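I opened the model and kept notes as I went. The entries follow in the order I looked things up.

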Amino acid sequence: MPKKTASKPPAETNDSKSARTRERILDAAAHVLSRKGYAGTRLSDVAEQAQIQAPAIYYYFSSREVLIEEVMWVGVALMREHVTEALDALPADTGPMDRIDTAVEEHLRYQLEISDYATAAIRNAGQVPEDIRTRQLAEEAKYGDVWRTLIQDAQKAGELRADLEPRVSRMLVLGALNWAAEWWNPRQGSLDVVVRTAKSLVRHGLGAPAVQEPGGAQPQPSAKGRGKRAPAAPGRAAGTAL
């Protein structure tokens, strides 16, 4: 699997040697955790990936659990930030289903192509002990709010199928997107195909069917759904991240 572009963890603005070393340790931990899982992540592997001596990790993180807790929180925080920035970059008249399209694409690209942190957080959410998931769960709730708003806006605009329950729809969509971290392999197919297929499934699964006008003519799309997409906001560059 090709190495992912890194993203800086938040709340670390000091460009000192110490800050850069701490970031390198986090990047390495995200890389190892995303591939070996919680049970298989050892500090010796993190140290080797970061190209430092293993005891040096304890200068920055008091334990393996504290390091993993930081990676898991950063993963969700940066995923939320990335998707939110992409949505904010869209034209004001972008329709609700087009905004959902954008969220689907940015979620998948960030998770599968850009961020080891995102992959680590998603793949290990059910593996890490509950006592080190507090901050991650808080961020997951904030990210869930982003999707709740997207689906509620589609419902208010009449673009969501009337037979769907919004909360269940949101959980099923996010569950499907997150599961891609478990099965997608770049050697077996293009990410563009995954994104295109996911957008089609979500749009046609959630979207209300168009009402045919009298005489068989197809209705014209409303202004709400015609907005052009702005270029997606790029991931934060640096090392790795979710």
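**Entry 1: aromatic pairs**

How many aromatic pairs does a search of the whole structure find? I found one. The model is predicted, and I read every value below with that in mind. The pair is formed by Tyr-59 and Tyr-60. Their ring centres lie 4.8 Å apart. The planes stand at 80° to each other, so I logged the pair as edge-to-face, the class for planes over 60 degrees apart.

I then checked how accessible each partner is. Tyr-59 has a relative accessibility of 66% and counts as exposed, because the cut-off is over 50%. Tyr-60 has a relative accessible area of 22%, which makes it partly exposed.

**Entry 2: overall make-up**

I stepped back to the whole chain. The protein chain has nine helices and zero strands. Along the sequence I read the pattern as α-α-α-α-α-α-α-α-α. The chain has 242 residues, and buried residues make up 47% of them.

**Entry 3: charges over rings**

Next I looked for charged ends placed over aromatic rings. I noted Arg-64, whose charged end sits over the ring of Tyr-38. The distance to the centre of that ring is 4.5 Å. I also noted Arg-135, with its charged end over the ring of Trp-73. Here the distance to the ring centre is 4.1 Å.

**Entry 4: helix α4**

I traced α4 from end to end. This helix has 25 residues. From its first C-alpha to its last it reaches 36 Å. That is close to the 36 Å expected at 1.5 Å a residue. Is α4 enclosed or open? I counted 18 of its 25 residues as buried, so α4 is largely enclosed by the rest of the structure.

**Entry 5: the loop between α2 and α3**

I moved to the stretch between α2 (43–50) and α3 (57–60). Which residue has a positive phi although it is not a glycine? I found Gln-51, with a phi of about 60°. Gln-51 lies in this loop. Its relative accessible area is 72%, so I entered Gln-51 as exposed.

Pro-55 is also in the loop between α2 and α3. I entered Pro-55 as exposed too, with a relative accessible area of 63%. Its C-alpha is 8.8 Å from that of Leu-43, and the two are twelve residues apart in sequence.

That led me to Leu-43 itself, which is in helix α2. At 13% relative accessibility, Leu-43 counts as buried, because the limit is under 20%. I then took a second distance from Leu-43. Ser-63 is 20 residues away along the chain, and the two C-alpha atoms are separated by 9.1 Å.

**Entry 6: the second largest pocket**

I turned to the pockets and picked the second largest. Its volume is about 370 Å³. Four elements give two or more residues to its lining: α4 (64–88), α6 (116–124), α7 (134–156) and α8 (166–183). I listed 18 lining residues in total. Which of them lie nearest the centre? My list reads Glu-140, Tyr-143, Gly-144, Leu-174 and Asn-178.

Which element gives the most to the lining of this pocket? I found α7, with six residues. I also sorted the lining by residue type. The lining divides into ten nonpolar, five polar and three charged residues.

**Entry 7: contacts across the sequence around α7**

I stayed with α7 and looked up Val-146, which is in that helix. Its relative accessible area is 17%, so Val-146 is buried. From Val-146 I went to Leu-87, 59 residues apart in sequence. The two are 9.8 Å apart in space, C-alpha to C-alpha.

My last stop was the loop between α7 and α8, where Glu-159 is found. Is Glu-159 buried or exposed? I entered Glu-159 as buried, at 17% relative accessibility. I then compared its position with that of Pro-96, 63 residues apart along the chain. Their C-alpha atoms are separated by 7.4 Å.

How values were computed:
Residues are numbered from 1 along each chain as its sequence is written. This is a predicted model: local features need pLDDT of at least 70, side-chain atom pairs count only at pLDDT 80 or more; totals for chains, interfaces and linings use all residues. Side-chain values use heavy atoms; hydrogens and water are left out. On a 1 Å grid over the protein atoms alone, a cavity is a set of points where a 1.4 Å probe fits but cannot get out, and a pocket is an open set with protein on both sides within 12 Å along at least five of seven lines; lining residues have an atom within 4 Å of a point. Grid points are joined across faces, edges and corners, and a volume is the space filled by probe spheres set on the points. Ala, Val, Leu, Ile, Met, Phe, Trp, Tyr, Cys and Pro count as nonpolar, Asp, Glu, Lys and Arg as charged, and the others, Gly among them, as polar. The expected span of a helix is 1.5 Å times one less than its number of residues. Buried means under 20% relative accessible area, exposed over 50%, partly exposed in between (1.4 Å probe, protein chains only). Rings of Phe, Tyr and Trp (its six-membered ring) pair if their centres lie within 6.5 Å; planes under 30 degrees apart count as stacked, over 60 as edge-to-face and the rest as tilted. A charge sits over a ring if NZ of Lys or CZ of Arg is within 6 Å of the ring centre and within 35 degrees of the ring normal.
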